[in-house]
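Colleague: Before we talk, could you put the structure up, so that I can ask how the words used for it are justified?

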Amino acid sequence: MKTVILFLVSCILFACNSKPVNTETTSVAEKPVASVLKDSFKTGEVIPSVSLRNDVSEAFALYLPKSYSDSAKLPVIIFFDPHGDGIVPLNLYHELADEFHFILIGSNNSKNGMDIQQTKLIADNLVNEAKARFFIDEKNISFCGFSGGAKVALLSAAENSSVSSVIYCGAATPVAPNHTLSLLGFAGTNDMNYTDVISFDWSLKNPTTKHL
């Protein structure tokens with residue numbers, strides 16, 4: 001969580017093909033040797049759209065830091081833009097991802113006006129994609145959202161035990177996390193949603209929830 005907080009603070013200052021299982025049996029006496037290879041994408045480059053493996057109607061923007069390799073598992077931040085433009089936060093923060101060694105994923109589907117159950121499904125799909133396709137630290141998966149995307153991040157993370165923390169900005173919504181979850185939120189004092197963020201802070205009574 002400390003690393004996530006440091007990443008966020010820097011963000012504020014900075015801006016205010018799945019390969020098949022290869023099974024080979026050399027003899028009856030030997031056990032089959034199976035290896036699952038992760039997808040290969042360019043590092044150090046913002047990729048605007050990557051389709052989901054099992055549903056090409058859904059896609060995400062991707063940034064793998066220059067340090068990315070199969071020798072170390074990196075934390076991942078999944079962004080929810082209110083307009084479904086996943087490349088926006090990645091363009092803003094990819095230099096920080098290089099500095100702090102984070103994988104960035106931005107949903108190209110979740111956006112304002114969608115049913116919350118639909119956005120939760122999109123969020124869950126992105127978590128599953130991150131686990132299956134990239135070398136990630138599965139204990140350090142964070143959601144991040146702005147405005148309507150903040151609400152998606154909060155509500156979706158509350159019901160997904162794989163998510164360890166949420167960074168939300170400019171909006172909030174009542175949630176009751178069913179697992180340990182760390183939250184970091186902020187809003188400008190002149191933001192029309194400022195009082196919602198304050199009220200949300202006061203409403204949190206779950207002792208397993210850490211909120212800054």
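**Strands and cores**

Modeller: This is a predicted model, and in it strands S4 and S6 (residues 103-107) pair in the antiparallel sense over 4 bridges.

Colleague: What makes S4 and S6 a pair of strands?

Modeller: Pairing asks for at least two bridges between two strands, and S4 and S6 have 4 bridges, so the term applies to them. Within this pair, Phe60 stands opposite Ser107 in S6. Strand S3 (residues 46-51) is also joined to S4 by 4 bridges and runs antiparallel to S4, with Val46 opposite Tyr63.

Colleague: Why is strand S4 (residues 59-63) called largely enclosed by the rest of the structure?

Modeller: Buried means under 20% relative accessible area, and 5 of the 5 residues of S4 are buried, so the strand is largely enclosed.

Colleague: Which residues show that both faces of S4 are covered?

Modeller: On one side Ala59, Ala61 and Tyr63 are buried, and on the other side Phe60 and Leu62 are buried. In a regular strand the side chains alternate between the two faces of the sheet.

Colleague: Which residues touch the most other members of the largest nonpolar core?

Modeller: They are Ile103, Ile105 and Phe143, in a core of 39 residues, and helix H4 (residues 148-158) supplies the largest share of this core, 6 residues. Apart from this core lies another, of 14 residues, among them Tyr93, Phe100, Cys144 and Ile167.

Colleague: What does Phe143 touch, not counting residues up to four places away in sequence?

Modeller: Contact means heavy atoms within 4.5 Å, and the residues that Phe143 touches include Ile78, Phe80, Ala123, Val127 and Ala153.

Note on methods. Residues numbered from 1 in each chain as written. Predicted model: local features only at pLDDT ≥ 70, side-chain atom pairs only at ≥ 80, totals over all residues. Heavy atoms only, no water. Buried < 20%, exposed > 50% of the residue type's maximum accessible area, 1.4 Å probe, protein only. Helix = DSSP H or I, 4+ residues; strand = E, 2+ residues; numbered from the N terminus. Core = buried A, V, L, I, M, F, W, Y, C linked by side-chain atoms within 4.5 Å.
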